[in-house]
Amino acid sequence: MVNRIVSSTGSGTAPGGGAGDASGEHGPLWQVARATLDANWEHDHTVPSRTLYPHQWSWDSAFIAIGWAHLRPERAWSELNSLFRAQWRDGRVPHIVFNPLVPSGAYFPGPGFWASAQVEGTPPMVTSGLVQPPVHALAAWHAYRRARSEQGRTMLRRLYPGLVAQQRYLATDRDIGGAGLASIVHPWESGVDNSPAWDAPMSAVPADAASLRGYRRRDTVHAAAAHRPTDLDYARYVAIVTAYRAGGYRDASLPDRHPFLVECPLFNAARGAAEQALAGIAAEIGADPGPHRERAARITEAVLARLYDPQTGTFRPRDLRTNRLTPARTVLGLAPLILTGLPARQVEAVLAEATSDRFGLATRMARPLPSHDRTAADFEPLRYWRGPSWMNINWLVRHGLLAHGRDGLAAGLRASMIELVGTAGCHEYFHPDTGVGLGSPAFSWTAALLLDVLAA
């Protein structure tokens, strides 16, 4: 076991004086989280970490904004506003916004690899051409409700058109399957990059690990190679981006030319949750919430029709190349709990999956929530997304549990999240059995989401 960072994490009670109060039972832990965010602040946004991730990442910034709302709400709005300044004309929000002051070799693939400046309709700053799960409207609405103010309402008005454009892009350009779901064109777009959920569609991507010899991976400089994707995985990642870039990042005719097209349950559940959040935002700023509620219902119906597997009672990605659900049972299957319109039958089925030996969700959790089926032969407790526990996924699952009135399970997951950081610090991810911290230390979304659950 690792040494405890704070003297006690208790049973999961909030700081004594509520949000923003560092004097309660979890005061030392609150201060650790605050110090992490302060150290990672970069003039108008927060880097995920000062080691491996020196730029701005899309869904990281969304989760980070939730934490800043408890400390410095103006930074929460700066976080989201700076990201949406990099939105492309077609509505996509890029998954990386590159800081021009950071040396080009500090991260791979760097700005030169993406060549976004050569694409029409891109912002003046250099970005990637991919997206990540659209959790931004959910984050903006959550941050506003945590720290209501006139400034916050003004920022909701400012962000609203960009959030709507983001949803429109995903609903139109990315509805490759024509059934109302957005497709991801790369595992990086899922946010859960190296999940076993992508093994089947990735196996069909032609690539050779030797193709990486012309590049230098930076992730294995900062973390053990045994904890990261293999060279063959990375070669396939590069091959997929190269194919997308060759087409100018256009989404037209992707089925004819692109090697990876998948409908992801987490990604599309985030779309539905975003529409629900946009309904709240619209009502707050004087817009019509009705269309957002209608779209949330349609997305929920499509997720059920396309991604729910009644044989196993869980949700799975659909590989559009084979029109089959991928076989791995991962934490992606729990993500649709964030859809408030999910029918009771599916809620119960997902909870049966979550509370089984595969994932171990409980009112008193013996071990952290893993990212992959703990009983599977290919479960890897140390390797990126193939077993370890992640704070952001825990936060989303907890959010879904609360949405469906499962307060006891939500409390158990909250206590587990607090225990993870209390034991190991604000790491990027955690060993799913021992809770040992893995990946980058002083990781921003871990700190931010800890602040949110401490204040709950």
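# A guided tour, starting at N323

Begin by selecting N323, which is partly exposed, with a relative accessible area of 45%. The model on your screen is a predicted one. N323 lies in the loop between β9 and β10, and its phi is positive, about 60°, although N323 is not a glycine. Most residues other than glycine have a negative phi.

Next, select the strands on either side of that loop, together with their partners. The open sheet here is formed by 4 strands in the order β5-β6-β9-β10, and their pairing is antiparallel. At the edges are β5 (183-184) and β10 (324-325), each of which pairs on one side only. Inside the sheet, strand β6 (residues 262-263) and strand β9 (residues 318-319) pair in the antiparallel sense over 2 bridges, and if you pick E263 you will find that its bridge partner in β9 is R318.

Now move to Y249, in the loop between α10 (231-246) and α11 (254-257). Is Y249 buried or exposed? Y249 is buried, because its relative accessible area is 1% and buried means under 20%. Phi of Y249 is near 60°, a positive value in a residue other than glycine.

For an unusual peptide bond, select F108 and P109, which are joined by a cis bond with omega of about 0°. P109 sits in the loop between β4 (96-97) and α4 (111-114).

The following stop is helix α2 (residues 58-71), whose 14 residues reach 21 Å from the first C-alpha to the last, close to the 20 Å expected at 1.5 Å a residue. Look along α2 for a kink of about 25°, centred on A65, and note that the helix is mostly covered, with 14 of its 14 residues buried.

From there, turn to the empty space inside the protein, where the count comes to 3 cavities of 30 Å³ or more. The second largest cavity has a volume of about 50 Å³, and you can display its surroundings by selecting lining residues, including S58, R92, H136 and Y169. Helix α6 (residues 150-172) gives the largest share of this lining, 3 residues. By class, the lining of the second largest cavity holds 5 nonpolar, 5 polar and 1 charged residues.

Finish at R414, which is found in helix α16 (residues 407-424) and is buried, with a relative accessible area of 6%. Add M365 to the selection: the C-alpha atoms of R414 and M365 are separated by 9.8 Å, while the two residues are 49 residues apart along the chain.

Notes. Residues are numbered from 1 along each chain as its sequence is written. This is a predicted model: local features need pLDDT of at least 70, side-chain atom pairs count only at pLDDT 80 or more; totals for chains, interfaces and linings use all residues. Side-chain values use heavy atoms; hydrogens and water are left out. On a 1 Å grid over the protein atoms alone, a cavity is a set of points where a 1.4 Å probe fits but cannot get out, and a pocket is an open set with protein on both sides within 12 Å along at least five of seven lines; lining residues have an atom within 4 Å of a point. Grid points are joined across faces, edges and corners, and a volume is the space filled by probe spheres set on the points. Ala, Val, Leu, Ile, Met, Phe, Trp, Tyr, Cys and Pro count as nonpolar, Asp, Glu, Lys and Arg as charged, and the others, Gly among them, as polar. The expected span of a helix is 1.5 Å times one less than its number of residues. The bend at a residue is the angle between axes fitted to the seven residues ending there and the seven starting there. Buried means under 20% relative accessible area, exposed over 50%, partly exposed in between (1.4 Å probe, protein chains only). Two strands pair if DSSP finds at least two bridges between them.
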